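Biologist: Please take a close look at a single part of this model, the contact between two domains, and then connect that part to the rest. Give the cut-offs as you go.

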Amino acid sequence: MNEDILISLDNVRFSYPGAAAEALAGVSLSIHAGEHVCILGGNGSGKSTLAQMLNALLVPSAGTVRVLGLDSAASEDAPAIRRQVAMVFQHPEDQMVTSISADDVAFGPENLGVSAPQIAARVDNALEAVGMARLAHADPADLSGGQKQRIAIAGALAMEPRILVLDEPCAMLDAEGHRAIQGIIHSLARRGITIVHITHFMDDALEADRVIVMERGRVALEGTPEQVFQQQETAQQLGLELPFRLQLADRLRAAGRDVPLTADTDELVRALASTCSHGQNGAPAAEHVETGVAEAHAGPGAALAFDRVSFSYASARSARKKPHFWQRRASKEVGPLAVDDLSFAVRPGTLTALVGRTGSGKSTTVELACALKAPSSGHVVVDGIGTGDLSRRRALRSRVGYVSQLPERQLFAETVFDDVAFGPRNLGLSEEEVRTRVEEGLTAVGLPVTDELLTRSPFALSGGQQRSVALAGILAMRQPILVLDEPMAGLDPAGRRTVRKLLLDLKRRGTTLLLVTHSMDDAAELADHIVALEDGRKVADGTPHEVFATAEHLPGVPAALAFARALAAAGNPEPLTALPLTLDELVCALTGEEARHGAAR
Amino acid sequence: MALRVSIGQYYSADSPIHRLDPRVKLVGSLAFMVSCFFTATPATLALAAAAVTAAIAAARVPFGRLLAQVRPIAFFLVFTSLFNLFFVRTGPVTLHLGILSIHRDGLWAAVLYSTRFFLLLLAGGLLMLTTTPTALCDAFECLLKPLERFGVPVTQAALTMSIAVRFVPTLATEADNVVVAQIARGADLEGKSALAYARACVPLVVPLFASALRHADNLGRAMDARCYTGHGRTHYHVLKLNARRDAPFIALTLAYLAVLIALRLML
């Protein structure tokens, strides 16, 4: 056998008890020493099952998995395999056993029976490698998702593995956390650690040496990132979303420009900077900078208005302790206002994106908007009803709906029907009307209204379907204003597309939407208006073009704008004058084509 | 420099008390807490108060933080002292209040019991503020190790304790989120009969159970991946008595106990 091969799978099959289809239906592949492999595929394609095969957390029902020459089916070899193949999972909080970060990192080496001075050295090195040495003694509960995930990676590194398997480590993180993890993975790969990275993000895959695409338990496509993404049609059929730069190159070639079909930014920038621009003027810019925001501030017509709203957790209650009135004074030192003097208005029938870093006050703002928290000062008015007006609370609830983060975690009923019907029933509707609403809600999210589905337990559905049912439960309440907190978090590209389409459908039907998102691309693509927060204060408020033209406080920029800036830095500033925010606009700016208003607008 | 990171109840600082071996601190605190029940005279009470005050001063923990920990039980203290105040009916009467009368023994009992309890709580609070949950678990594990011979799974129990502490804030946040989301869907928890209330709780309780099970499932897998088998483990923090750090504390604790016993016997 080749010395170089660390892991080899030979025709591996696996099915979960009670499942109709096989999770893995004959997978053969090998992982070489020092390689950086990305595994892609939609929800339910068998990626996570495959990951757990690699370190003997699962053993195949047929076929063999050999890791470093050991057979994973031999249970006595499992510990030897796991000490060489460390693993990081999707939910950082579910990987931690103690409330001190450094002690948690030590958990692996402790289990391996490493001596105390050695453990200390390993912990220090591992924390250093993920840039968390400064927060070694922090409680994971006080860290952001990205920081927690870095601690989890440190915990895996402290075992000094040869191979690191990461199962969607960024699915629950914001853009900043995602970037940090990506950087860490990159530097570990350079240090010679073999990386197997399972991800929904195509840009992650571009960093890899090799990409493996899974579909229905099989390897559907394999090769270098370029090879895989160049088979565009196949890739798209497999539910992959092409990386932004490739989409751009593709569109430009379709428009007759001579650019290489590449995902390499530098190469593409060079090609575009050298082919002298078409001499198109910056006309599209004038067209795009909309001017309909003069009355952005709380006119009487606003569907949702914040007027000088402040909120402090100290004067409300601590999120981590039971509220005792005598504790209030003691906890006052806890910190600044979660939301500080915030004013903005959402016009009826529009989509407003609320953006900002983790901890900038987005979720608090959302809860204030839905009357789930009362402002410490100022007023929140929803459709003419103040959220402080308790006598009209019921009326208010029928006007504004709230889709929480990971809404599938609120499912509770015995059947899908009862779960979706929960909201409508609470509105006091007749049972007949409730049925209509349930069917309407499920249809809107694209689920079939069959008895088979209606009588199923929501817990028996797949992750993506659970999200859809949870969304249907809100839509069935038919509220004219909807507030959504990161509705696309943790979904695969197909799921993200479904939600994006749903949002546009809702807007077309006149629903007012307030969308919290950490994706600047989604904000640029979907929103009519963007409100940006930082440390609880508003730092930008306007159309996407206004906001991205000026604000420096945003947590990021859309990929199109970043590309235009790179192009400008390389000596072709012209596309940047049009301030392209979406792929469509960037293609327009580059080719001078008449602005094709994408479906988004 | 005192590094202030909010870690549950732990107050991060550098002091002789923080640096003590957690086993010494744990046993010392327990000894003190038991000794509180043997204070019966003003002299012994004053001695115990002096001992705990000295420990607090040495720990460099802000007194307000410590009081904040004790506060939730203050109600209980007030209640028991009132009970003593009015229902002890021995000794000369010091005050008449209508049908109630306060006897001198009652007055003393009120003072004694509430002070005793207060000192005991302070000692417990100080232990929690100056010891990380991990160190406490290690100390428990080490001290109870002999029980393993009788089949008590001490190591596992200590790890379970540490995991429980770790997941309290996670579950609390999730409970908060579930309540908020279901209220937004019109769940109504107010003004209902007991049965209706119980039924209204289903949408809150089911997701919480589901989420606890999901956490357990994921955590189990993650622990497997990190080679947890329950045996053959070593420890990051090796507990080792240090003569310079621990001996003075042990000596002072023993001296305190000796004086307390002497005072008791002299009576």
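**Domains, sheets and partner chain**

Modeller: The C-alpha centres of domain 1 and domain 3 of chain A lie 33 Å apart. This is a predicted model, in which local features need pLDDT of at least 70 and side-chain atom pairs count only at pLDDT 80 or more, while totals for chains, interfaces and linings use all residues. Residues are numbered from 1 along each chain as its sequence is written, and chains are lettered from A and ligands numbered from 1 in the order in which they are written.

Domain 1 of chain A covers 5-242, domain 2 covers 246-288 + 559-591, and domain 3 covers 304-316 + 336-550; such bounds come from an automatic or database domain assignment. Where domain 1 touches domain 3 in chain A, 14 residues come from domain 1 and 13 residues from domain 3. Contact here requires two C-beta atoms, placed from the backbone, to lie within 7 Å. On the domain 1 side of that contact there are four nonpolar, seven polar and three charged residues. Nonpolar stands for Ala, Val, Leu, Ile, Met, Phe, Trp, Tyr, Cys and Pro, charged for Asp, Glu, Lys and Arg, and polar for the others, Gly among them.

Behind these domains, chain A has 25 helices and 20 strands. Both are DSSP runs numbered from the N terminus, helices being H or I of at least four residues and strands E of at least two. Of the contacts in chain A with a separation of 6 or more, 67% join residues 24 or more positions apart. Buried residues make up 49% of the 601 residues of chain A. A residue is buried if 20 or more other C-beta atoms lie within 10 Å of its own, exposed if 12 or fewer, and partly exposed in between, with C-beta atoms placed from the backbone.

One open sheet of chain A has six strands in the order β16-β17-β18-β13-β19-β20, with mixed pairing. Strands pair if DSSP finds at least two bridges between them. At the edges stand β16 (400-403) and β20 (537-542) of chain A; each has a single partner strand, so one side of each is left without a neighbour in the sheet. Direction ignored, neighbouring strands of this sheet are turned by 15° against each other on average. Within the sheet, β13 (351-355) and β18 (512-516) of chain A run parallel and share four bridges, and Leu354(A) stands opposite Val516(A) in β18(A). Helix α20 (493-508) of chain A packs on this sheet, touching β13, β17 (481-485) and β18 of chain A, and its direction makes about 150° with that of β18(A). For such angles, axes are lines fitted to C-alpha atoms, for helices over the stretch in contact, and values run from 0 to 180 degrees between N-to-C directions.

Another strand of chain A, β3 (36-40), has four of its five residues buried, so β3(A) is largely enclosed by the rest of the structure. Four bridges join β3(A) in parallel to β8 (194-198) of chain A, where His36(A) stands opposite Ile195(A). β3(A) also pairs in the parallel sense with β9 (210-215) of chain A over four bridges, and there the bridge partner of Cys38(A) is Val211(A).

Two backbone angles deserve a check. Most residues other than glycine have a negative phi. Ala56(A) nevertheless has a positive phi of about 65°; Ala56(A) is in the loop between α1 (47-54) and β4 (62-67) of chain A and is buried, with 24 other C-beta atoms within 10 Å. Cys227(B) also has a positive phi, near 65°, in the loop between α9 and α10 (243-266) of chain B.

That brings in the partner chain. In chain B, 57 residues are in contact with 61 residues of chain A. β1 (6-7), α4 (63-70), α7 (133-144), α8 (154-184) and α9 (194-225) of chain B each supply at least two residues of that side, and α8(B) gives the largest share, 17 residues. By class, the chain B side divides into 29 nonpolar, 19 polar and nine charged residues.

As for confidence, the model scores ipTM 0.83 and pTM 0.83. Chain B has a mean pLDDT of 85, with 95% of its residues at 70 or more; pLDDT is the predictor's confidence in each residue, from 0 to 100. Among the elements of chain B, β1(B) has the lowest mean pLDDT (36) and α2 (22-36) the highest (94). Over residues 1-8 of chain B pLDDT stays under 50, and the model has 16 contacts beyond four places in sequence for that stretch.
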